[in-house]
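Good morning, colleagues. I should like to take a few minutes to present one protein chain. Please look at the sequence and the structure as they appear on the screen.

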Amino acid sequence: MHITPEKIKEAAEALECTELKSFMFQEPTAGPLTRKRRSSRSTGRSSRRSTRGTRRSSRGTRRSTRRSTRRSRRSTRRSRRSTRRSTRRSRRSTRRSRRSTRRSRRSTRRSRRSTRRSRRSTRRSRRSRRSRRS
């Protein structure tokens, strides 16, 4: 039920109360139903400040994300380089080891051949000596 100024007047006349009469002649206001708004100037300033703050914070987050992405890219590049280097080194080492094994095999073959030849030659010479004696 809404209280209108006419109802208040009627109640004041009935009671003839001074408080009600003083209340009756005041302007009807909404009262505590709505809050007071700030002036448009102050709200504009505060909104500007808040937008500035958000801009700054967003810039900061962008910068930080950029930095983090750069760092991650650098780290990935470094890791790739290191893996490449390590693979190259390992390949080189395997090639060297293969070469060395080949060389050692060759040398062992040569030495075996030479020992065989020398044995053959010694046998021949012994045979020839024997045949000369007889």
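**A helical chain and one threonine**

The surface comes to about 14,000 Å² of exposed area for the protein chain, and carbon and sulfur atoms supply 44% of that area. Please bear in mind that this is a predicted model.

How many of the residues are buried? Of the 134 residues in the protein chain, 2% count as buried.

Let me turn to the secondary structure. The protein chain has 3 helices and 0 strands, and from the N terminus on the order of the elements is α-α-α.

As to confidence, the average pLDDT of the protein chain is 78, and 68% of the residues score at least 70. Which element has the lowest mean pLDDT, and which the highest? Helix α2, residues 18-24, has the lowest, with a mean of 61, whereas helix α3, residues 40-133, has the highest, with 82.

I close with a single residue in that last helix. Thr65 lies in helix α3. Is Thr65 buried, exposed or partly exposed? Its relative accessible area is 43%, and because this value falls between the limits of 20% and 50%, Thr65 is classed as partly exposed. The side chain of Thr65 also has a polar atom 2.5 Å from the backbone oxygen of Arg62.

Notes. Residues are numbered from 1 along each chain as its sequence is written. This is a predicted model: local features need pLDDT of at least 70, side-chain atom pairs count only at pLDDT 80 or more; totals for chains, interfaces and linings use all residues. Side-chain values use heavy atoms; hydrogens and water are left out. Helices (H or I, at least four residues) and strands (E, at least two) are DSSP runs, numbered from the N terminus. Buried means under 20% relative accessible area, exposed over 50%, partly exposed in between (1.4 Å probe, protein chains only). Accessible areas come from the Shrake-Rupley method with a 1.4 Å probe; for residues, only the protein chains shown count as cover. pLDDT is the predictor's confidence in each residue, from 0 to 100. A polar contact is a pair of N or O atoms within 3.5 Å; within protein, one must be able to donate a hydrogen and the other to accept it, and residues adjacent in sequence count only if both atoms are side-chain atoms.
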